[in-house]
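Here are a few notes to read with the model open beside you. Take the points one at a time and find each spot as you go.

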Amino acid sequence: MTELEKIAYAKSYIEKLANGINPLTNQEVPDSDIINNVKISRCLFYVSDLLRQVVENKGISQSKNKSSKVPFQLDYESREKFEYSELPIPISEIERRINALIQPEEMKKLTYKQIADWLMETGFLKLVVKDDGKTVRRPTDQGIDIGISTEERQSLRGPYTVVVYNRSAQQFILDNLDAVIAFIQK
C-alpha cells in the first residue's frame with residue numbers, strides 16, 4: 001500500500017467518524033457518543049478535507065501551494081491600466097483596483113493595510129484616538145496636501161467617517177508603488 005493509499009484509507013475512517021459511523025462496524029454510534037459532538041464532528045470533517053486535498057495534490061498539502069506565490073509586484077505597463085476615479089475613493093477601493101491588474105493565483109495580493117502603513121510611515125496618515133477610545137487613521141497636513149481627506153457617510157449603524165483619496169492621491173500611491181513594495185518587503 002502506497003503512502004497516498006494509506007492517507008486515502010485514513011480519510012475514509014475520519015469521514016465515517018465525522019458522520020457518526022463506527023468505521024470498524026459501519027454502524028451508527030449513539031447520539032450521546034463524543035464523536036457526535038458538533039465541534040468534534042466539524043474538526044473531523046476539516047481533517048478529512050485536508051487529507052482529500054493531499055491525495056488530490058499527490059501528497060502536497062494546499063497550504064504549501066499557497067506559500068509558493070511570488071511577492072506582490074506590478075510592472076509599469078500594468079500600472080498604466082489603473083482606473084483612476086475622479087471622485088474620492090477609500091483605500092480599499094484603490095487596493096481592489098491595483099489587485100485587479102495582477103494574476104492572483106500566482107502572486108500575493110497587496111492589502112489596503114500595507115498601503116496605509118506605508119502612508120503612516122511616510123507621514124501622510126496618522127493615528128488618532130477618538131472619544132470612544134478607538135484608534136483611527138486620519139490624514140496629516142502633508143496627506144491633505146496630496147489629496148487625502150475625510151468624508152462623513154451613513155450606514156445602518158449610523159454616521160461614520162471614512163478616509164478618501166482624490167485622483168491626485170491615487171496617482172501619488174501609484175507613482176510610489178515601488179516604495180510601498182520595498183516597505184512591505186522589509
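1. Let's start with a pair of helices, H5 and H6, which are oblique to each other. Why oblique? They pack at an angle of about 120°, and an angle counts as oblique when it fits none of the other classes, with roughly perpendicular covering 65 to 115 degrees and roughly antiparallel starting over 145. Their axes are 9 Å apart. Keep in mind that this is a predicted model.

2. Now for how the two cross and what touches what. H5 passes H6 in a right-handed crossing. On the H5 side, look for Ile91, Ser92, Glu95 and Ile98; they meet Tyr112, Ile115, Ala116 and Leu119 in H6.

3. Some of those names come back in the largest nonpolar core, which has 27 residues. Phe72, Ile98, Ile115, Leu119, Ile148, Tyr165 and Leu177 are the ones with the most contacts inside this core. Helices H5 (91–99) and H6 (112–121) each supply at least two of the core's residues, and so do strand S5 (158–165), helix H8 (167–175) and helix H9 (177–185). As background, nonpolar side chains tend to be buried together in soluble globular proteins.

4. Zoom in on Leu177 for a moment. Which residues does Leu177 touch, not counting those up to four places away in sequence? You should find Phe72, Leu74, Arg79, Ile98 and Leu110.

5. There is another core, apart from the largest one, and it has eight residues. Among them are Ile14, Ala18, Ile35 and Leu44.

6. Next, compare your first helix pair with H1 and H2. H2 covers residues 38–56, and H1 and H2 pack at an angle of about 160°, with their axes 9 Å apart. That angle makes H1 roughly antiparallel to H2, because the cut-off for this class is over 145 degrees. H1 passes H2 in a left-handed crossing. Among the residues on the H1 side of the contact are Leu4, Ile7, Ile14 and Ala18, while the H2 side includes Leu44, Phe45, Leu51 and Val55.

7. Finally, have a look at Lys11, in helix H1 (residues 3–18). Is Lys11 buried or exposed? Lys11 is buried, because its relative accessible area is 18% and the cut-off is under 20%. Its side chain makes a polar contact with the side chain of Glu15 (2.4 Å). Leaving out residues up to four places away in sequence, Lys11 touches Ser48, Leu51 and Arg52, and those three are also listed on the H2 side of the H1 and H2 contact.

Methods:
Residues numbered from 1 in each chain as written. Predicted model: local features only at pLDDT ≥ 70, side-chain atom pairs only at ≥ 80, totals over all residues. Heavy atoms only, no water. Helix = DSSP H or I, 4+ residues; strand = E, 2+ residues; numbered from the N terminus. Buried < 20%, exposed > 50% of the residue type's maximum accessible area, 1.4 Å probe, protein only. Polar contact = N/O pair within 3.5 Å; in protein donor to acceptor, adjacent residues only side chain to side chain. Contact = heavy atoms within 4.5 Å. Core = buried A, V, L, I, M, F, W, Y, C linked by side-chain atoms within 4.5 Å. Axes fitted to C-alpha atoms, helices over the stretch in contact; angles between N-to-C directions. Parallel < 35°, antiparallel > 145°, perpendicular 65-115°, else oblique. Left-handed = near helix turned anticlockwise from the far one by under 90°.
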